[in-house]
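Welcome! Please take a moment to look at the sequence and the fold before reading on.

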Amino acid sequence: MSEVMEDQLTRREFILRGALLASALTAFPSDALGKAPGRPQRVIVVGAGLAGLSAAYVLTRAGADVRVLEAQSRAGGRVLTFRDPFPDGLYAEAGATRIHKSMDLTIKYAKLFNLKLTGFYPADDRFVRLRGGRREVVRWKRMASDVEKFALHLDRANQWIRIEGGNDQLPQAFARMLSDKITYNAPVVGIEQDRNGVRARYSTRGALQTIAADRAICAIPATIMAGIEVSPRFSASKRQTLEKLSYESASRVFLQCRGRFWEQQNLNGFGVTDQPAEIWASSFGQPGVAGILQSYTRGDVSLRLTRMTEGDRVTATVDLMERIFPGARENLERGVSKCWSEDKWARGAWAHPDENQLKQLAQPEGRIHFAGEHISSQPSWMQGALESGERAAREILQVSRNSPITDSSTAIIRRSP
Ligand SMILES: Cc1cc2nc3c(=O)[nH]c(=O)nc-3n(C[C@H](O)[C@H](O)[C@H](O)COP(=O)(O)OP(=O)(O)OC[C@H]3O[C@@H](n4cnc5c(N)ncnc54)[C@H](O)[C@@H]3O)c2cc1C
């Protein structure tokens, strides 16, 4: 990383941490909790992504009475490992994929749940680069500098890891630990609060239910939060920020191949194009004969794919892949895609709020607190989601103990996955 970039990151880190701290300090003017002494704090957590799960975990350990309401039938949200369509136990990440070795919180939780971490990139240095129609076999540095043009600074290849067996094991481990506290298939449609408490309305099996608590944490994307009925309405600045926060589009198309034919060509299955797209061999490091190649696109390219039918997404990706790894078409067994802009419970991949937006997003509204990757010092990463959940849980614990809010946000690496 260049010195200039390091300086910028440090400045940015400083500003984001300051913004989070400022909002936490002004969070609880003279807001008495109104809970009976001795009764555990009751907290509703909306969303069982990593933000909601880490919040629920911290609160439960502190003795709070927690209920997590999750819209889908699974925990994990944007941590989604595709297994079903693939043979021989193969899997591929449709959402969160790589973890930088500096992402201490992600690694802390993976270790807590005894999950094994393994290298993300192959050590063998034979990547393919497609630029202006020209195909070249290049080493890591060249490939990484192309990726940096449209995505992130990649550092060294050996600094990137993943959870062996699939990243979904991380939310699943949280969910097992919190199993009696999570209600699935329970989308929250409305939240009300008054001086006595907070109530969430959620739909379950076609009927509406209401649950009451002392406080709530909304750990869902701003795209979804903006559409939830809240009474009394949030402050104007919160509403505007939620409505205006823009989300990046990201899509993955996976090609299941009958063999790992690129290995016979002495290539590692990873590459980059000027489309722009990153190409990964998702099956790298997995046993079995079949292979999976994936293309990972963002921005306009991802939006174009999102507008296509599933069949056209696969055809377009096979055409691209054939130019990078000749033989892709001949070896194709099936294709499958995931476009996050059309995901009902995310409606986008991730957000990059500016400092002012971050401050507005983190600001509690009475008894309602907020978490999610978009309200952290590392937006767009699992690390950010985990950090935000811990922060929101701490806000509640500190106000209930009547102790001052302290800043313990973690360091930032400002980049998109
Ligand atoms: C394509 C892509 C690639 C990524 N790559 C990486 C990567 O390589 N490394 C990395 O660390 N991170 C990566 N990320 C980011 C990472 O996945 C997210 O930062 C993180 O998972 C977000 O967690 P969250 O809890 O904030 O939100 P989510 O995971 O979105 O969780 C929110 C939860 O709330 C639920 N929900 C939504 N609405 C409601 C409602 N009304 N009522 C109840 N529940 C509701 C959702 O179903 C979901 O389970 C990637 C993300 C994407 C999309």
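What follows is a short tour of a sheet, one of its strands and some helices.

This is a predicted model, in which local features need pLDDT of at least 70 and side-chain atom pairs count only at pLDDT 80 or more, while totals for chains, interfaces and linings use all residues. Residues are numbered from 1 along each chain as its sequence is written. Helices (H or I, at least four residues) and strands (E, at least two) are DSSP runs, numbered from the N terminus.

Let us begin with the sheet. Seven strands build an open sheet with mixed pairing, in the order 8-7-18-19-20-17-21; two strands pair if DSSP finds at least two bridges between them. Strand 8 (134–138) and strand 21 are the edges, each with a single partner strand, so one side of each has no neighbour in the sheet. On average, neighbouring strands here are turned by 15° against each other, direction ignored.

Three of the pairings are set out below.

| Strands | Sense | Bridges | One bridge pair |
|---|---|---|---|
| Strand 17 (residues 250–257) and strand 20 (residues 291–298) | antiparallel | eight bridges | alanine 250 and arginine 298 |
| Strand 17 and strand 21 (residues 332–339) | antiparallel | seven bridges | phenylalanine 254 and valine 336 |
| Strand 19 (residues 277–281) and strand 20 | antiparallel | five bridges | isoleucine 279 and serine 295 |

How many residues of strand 17 are buried? Eight of the eight are, so strand 17 is largely enclosed by the rest of the structure. Buried means that 20 or more other C-beta atoms, placed from the backbone, lie within 10 Å of the residue's own. Both faces are covered: one side holds Ala250, Arg252, Phe254 and Gln256, and the other holds Ser251, Val253, Leu255 and Cys257.

Now for the helices that cross the sheet. Helix 4 (residues 140–150) lies across several strands, among them strand 7 (127–131), to which helix 4 runs at about 45°. Helix 10 (residues 310–324) also lies across strand 7, and runs at about 115° to strand 21. Axes are lines fitted to C-alpha atoms, for helices over the stretch in contact, and angles run from 0 to 180 degrees between N-to-C directions.

Finally, helix 3 (residues 104–112) packs against helix 13 (residues 382–400) at an angle of about 80°, with the axes 8 Å apart. Helix 3 and helix 13 are therefore roughly perpendicular, a term for angles of 65 to 115 degrees. Leu105, Thr106 and Tyr109 of helix 3 meet Met382, Gln383, Leu386 and Glu387 of helix 13; contact means C-beta atoms, placed from the backbone, within 7 Å.

Definitions and conventions: Parallel < 35°, antiparallel > 145°, perpendicular 65-115°, else oblique. Contact = placed C-beta atoms within 7 Å. Buried ≥ 20, exposed ≤ 12 C-beta atoms within 10 Å, placed from the backbone.
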